[in-house]
Amino acid sequence: MGLFENFFRGSSNKSAALAKERLQIIVAHERGSGRRGSPDYLPALKKELLEVVRKYVPVDPSQIKVHLDREGGYEVLELNITLPDEEPRSRRSSESSQKPGQS
Amino acid sequence: MATVIVVTSGKGGVGKTTTSASFAAGLAQRGYRTVVIDFDVGLRNLDLIMGCERRVVYDFVNIINGEANLNQALIRDKRVENLHILPASQTRDKEALTREGVERVLNELRQNFEYIVCDSPAGIERGALMALYFADEALVVTNPEVSSVRDSDRILGILASRSRRAEQGENPVKEHLVLARYAPERADRGDMLSVEDVLEILGIPLLGVIPESPAVLQSSNAGVPVILEEDSDAGAAYSDLVDRFLGKNLPHRFITAQKKGFLKRLFGGG
């Protein structure tokens with residue numbers, strides 16, 4: 001660092017301000033689907049839903065996905081259950097079903 | 001009742017192991033029976049930082065698999081009384097850390113220790129999830145740099161949703177921010193995110209600021225937790241951090257730049 005630059009530093013560009021602004025935007029966006037966006041009842045909800053579904057259809061625990069999205073002013077609770085392909089009896093509902101609903 | 005504390009960050013290379021080693025050593029120095037566990041299966045490093053790499057015989061996975069008992073695997077620190085180290089395995093089998101196995105080992109450790117410090121691996125894979133799952137408190141190690149802050153935010157999200165406390169609806173994991181590698185003069189210049197910036201974004205309480213310091217590398221070269229280098233700035237910062245964790249109300253040091261005189265400013269380098 002040159003003498004002159006050394007003496008007058010402080011007037012350099014403020015990259016930290018840019019970093020903070022970018023972080024605030026990306027973090028707010030990512031929190032939408034994770035932290036704080038994910039209510040703590042979701043794991044329990046998922047467990048109970050799974051128990052109900054398994055009363056009727058033998059689904060694997062990994063085949064149920066619960067996801068909460070926030071867009072604008074509303075929230076969408078998305079429930080995705082993949083039913084097993086092989087069913088002993090023919091059943092019309094044996095394809096995967098998606099049931100989005102509002103919360 | 002033992003307290004389980006995870007030292008985590010998401011991003012690698014921010015100072016998790018350095019913090020784990022000094023935090024655990026600091027708790028032990030203050031008289032608490034403390035064990036520090038390396039969760040980085042396959043990339044064991046805590047032993048090197050603590051200077052006990054040549055004394056590793058059995059490891060965490062050996063215990064989980066029942067190939068050794070805890071007394072055989074725990075390494076007693078030679079400098080600090082009350083401090084024990086449980087090294088990670090060098091196996092490449094990431095599946096080796098089972099939730100049941102980890103829980104069993106932690107429950108056994110709870111009988112003999114007051115603080116159980118879990119040194120998390122980087123990332124959000126199995127090892128990192130296992131390290132934080134059973135935590136009561138978390139030290140989130142962050143550098144004043146965009147990728148580190150973002151990853152810390154992700155980890156906070158995981159702590160809030162995928163820890164045992166979250167899953168069982170108990171009180172949430174208590175979060176503490178450890179801002180490491182901080183250079184106050186660069187923050188003052190506007191070239192580095194400041195303490196306030198990071199606090200504003202992450203929104204968790206600040207436990208300590210560790211200054212960027214040559215002492216950290218020097219002490220890791222020697223295999224000594226930097227907190228034992230009491231005359232160093234980083235060592236003093238860790239010492240304050242441990243005292244604060246234990247409830248002391250200490251002002252934060254190392255967050256403002258040392259004022260340089262005119263001549264030093266003119267001739268002394270950055």
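A crossing of two helices is right-handed if the near helix is turned clockwise from the far one by less than a right angle. Keep that in mind for a helix pair in chain B, and remember throughout that this is a predicted model.

The pair in question is H6 (residues 126–133) and H7 (residues 146–162) of chain B, whose axes come within 10 Å and cross at roughly 60°. That angle makes H6(B) oblique to H7(B), because roughly perpendicular would need 65 to 115 degrees and roughly parallel under 35. As for handedness, H6(B) and H7(B) cross in the right-handed sense. So who does the touching? On the H6(B) side, look for B:Leu129, B:Leu132 and B:Tyr133, which meet B:Ile158, B:Leu159 and B:Arg162 of H7(B). Sort those contact residues by type and you get five nonpolar, no polar and one charged. Angle and axis distance are, after all, how two packed helices get described.

Staying in chain B, move along to helix H12 (residues 233–245), where B:Asp243 sits. Is this aspartate buried or exposed? B:Asp243 counts as buried, because its relative accessibility is 14% and the cut-off for buried is under 20%. Setting aside neighbours within four places in sequence, B:Asp243 has B:Arg30, B:Lys248 and B:Leu250 as its contacts.

For a contrast, try B:Gln218, which belongs to helix H11 (residues 214–222) of chain B. This glutamine has a relative accessibility of 52%, so B:Gln218 counts as exposed; the bar for that is over 50%. If you'd like a distance to check on screen, go from B:Gln218 to B:Pro184: they are 34 residues apart along the chain, with 21 Å between their C-alpha atoms.

Now over to chain A. Its secondary structure consists of three helices and three strands, and reading from the N terminus the order is α-α-α-β-β-β. Chain A has 103 residues, of which 23% count as buried. Among its contacts with a separation of 6 or more, 36% join residues 24 or more positions apart.

How far should you trust what you see there? The mean pLDDT of chain A is 70, with 56% of the residues at 70 or more. Confidence in this chain peaks in helix H2 (residues 15–31), at a mean of 91, and is lowest in strand S3 (residues 97–102), at 49. Over residues 93–99 of chain A, pLDDT stays under 50, although the model has 15 contacts beyond four places in sequence for that stretch. Where pLDDT is low, predicted coordinates should not be read in detail.

Key: Residues are numbered from 1 along each chain as its sequence is written. Chains are lettered from A and ligands numbered from 1 in the order in which they are written. This is a predicted model: local features need pLDDT of at least 70, side-chain atom pairs count only at pLDDT 80 or more; totals for chains, interfaces and linings use all residues. Side-chain values use heavy atoms; hydrogens and water are left out. Helices (H or I, at least four residues) and strands (E, at least two) are DSSP runs, numbered from the N terminus. Buried means under 20% relative accessible area, exposed over 50%, partly exposed in between (1.4 Å probe, protein chains only). Contact means heavy atoms within 4.5 Å. Axes are lines fitted to C-alpha atoms, for helices over the stretch in contact, and angles run from 0 to 180 degrees between N-to-C directions. Angles under 35 degrees count as roughly parallel, over 145 as roughly antiparallel, 65 to 115 as roughly perpendicular and the rest as oblique. Ala, Val, Leu, Ile, Met, Phe, Trp, Tyr, Cys and Pro count as nonpolar, Asp, Glu, Lys and Arg as charged, and the others, Gly among them, as polar. pLDDT is the predictor's confidence in each residue, from 0 to 100.
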